[in-house]
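Hi everyone, thanks for making room for me today. I'd like to walk you through one model, starting at a single side chain and working outwards. Have a look at it first.

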Amino acid sequence: MSAGTQGGNQSDRPASEPGGSVWGYYLVAGLAAVMGLVFLNNFRQALVAQKTWTPAAGRVTESKVVRYHSRRSTSYCTYISYSYAAGGAVYGAGPLEINKSKYYFSEDSAEEDLQDNFPPGKSLGVYYNPSNPYESSLGLPGAMGLIAPVLFFLFSAGLISLALRLRGE
């Protein structure tokens, strides 16, 4: 009787068999968790700005749609630039991507959304860092909120659970 020939070793199974390699699930789950952390950090920064920075009146100076092409698809992102007064001086910021969680299927729909919500000249609330007035934020309205990080974390947990089940079969 030779050692190592008895009992099945799960790592010897091909990926196509139950219990085979599930590293891909772990990789995607890890990437989803990292994305969740990025969105959570963006939310945290916006919340800190809104609570600790100085509020100021701002005005949209420009709104634009940028088209991104890939081999398989085209996507549209919306950007605004804005100005605000702080300490007797006028500062500008942008372009800042707005509505990151919205997906636009045409340039017209993105442009229409921008014109409805952020037309040039529209007033908006801005928060600026009192120790560095060049640093500004739109606060929570400019952030995706907590929904995106929670969805990424749930997706990640689901993939890990699935990988553990597949590995145990």
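Let's start with aspartate 113, which touches Asn99, Lys102, Tyr104 and Phe118, leaving aside residues up to four places away in sequence. Before I go further, please keep in mind that this is a predicted model.

Where does aspartate 113 sit? Its place is in helix H2, which covers residues 107-117. And is aspartate 113 buried or exposed? The relative accessibility is 11%, and the cut-off for buried is under 20%, so aspartate 113 counts as buried. The side chain has a polar partner too: a contact of 2.7 Å joins aspartate 113 to the side chain of asparagine 117.

Now let's zoom out to the whole chain. You can find three helices and five strands here, and reading along the sequence gives the pattern α-β-β-β-α-β-β-α. Of the 169 residues, 30% count as buried. For those of you who like contact maps: take the contacts between residues at least 6 apart in sequence, and 64% of them join residues at least 24 apart.

Next, helix H1, residues 23-52. With 30 residues, H1 reaches 43 Å from its first C-alpha to its last, close to the 44 Å expected at 1.5 Å a residue. Which residues of H1 are buried? They are Ala29, Ala32, Gly36, Phe39, Phe43, Ala46 and Ala49. What do these buried residues pack against? Their partners are strand S4 (123-129), strand S5 (132-137) and helix H3 (147-168).

H1 also comes up when we turn to the surface. The accessible surface of the chain is about 11000 Å², and 58% of that belongs to carbon and sulfur atoms. There is a nonpolar patch of about 750 Å², made by Leu37, Leu40, Leu146, Ile147, Val150, Leu151, Phe153 and Leu154. H1 and H3 each supply at least two residues of this patch, with H3 giving the largest share, five residues.

I'll finish with one member of that patch, leucine 154, whose place is in helix H3. Its relative accessibility is 55%, and exposed means over 50%, so leucine 154 counts as exposed. If you turn the model on your screens, you can set the two residues side by side: aspartate 113 is buried, whereas leucine 154 is exposed.

That's my tour, and I'm happy to take questions.

Definitions and conventions: Residues numbered from 1 in each chain as written. Predicted model: local features only at pLDDT ≥ 70, side-chain atom pairs only at ≥ 80, totals over all residues. Heavy atoms only, no water. Helix = DSSP H or I, 4+ residues; strand = E, 2+ residues; numbered from the N terminus. Expected span 1.5 Å × (residues − 1). Buried < 20%, exposed > 50% of the residue type's maximum accessible area, 1.4 Å probe, protein only. Contact = heavy atoms within 4.5 Å. Areas by Shrake-Rupley, 256 points an atom, 1.4 Å probe, with all protein chains shown as cover. Polar contact = N/O pair within 3.5 Å; in protein donor to acceptor, adjacent residues only side chain to side chain. Patch = residues over 30% accessible without salt bridge, like charges linked within 9 Å, V, L, I, M, F, W, Y side chains within 5 Å. Salt bridge = Lys/Arg side-chain N within 4 Å of Asp/Glu carboxyl O.
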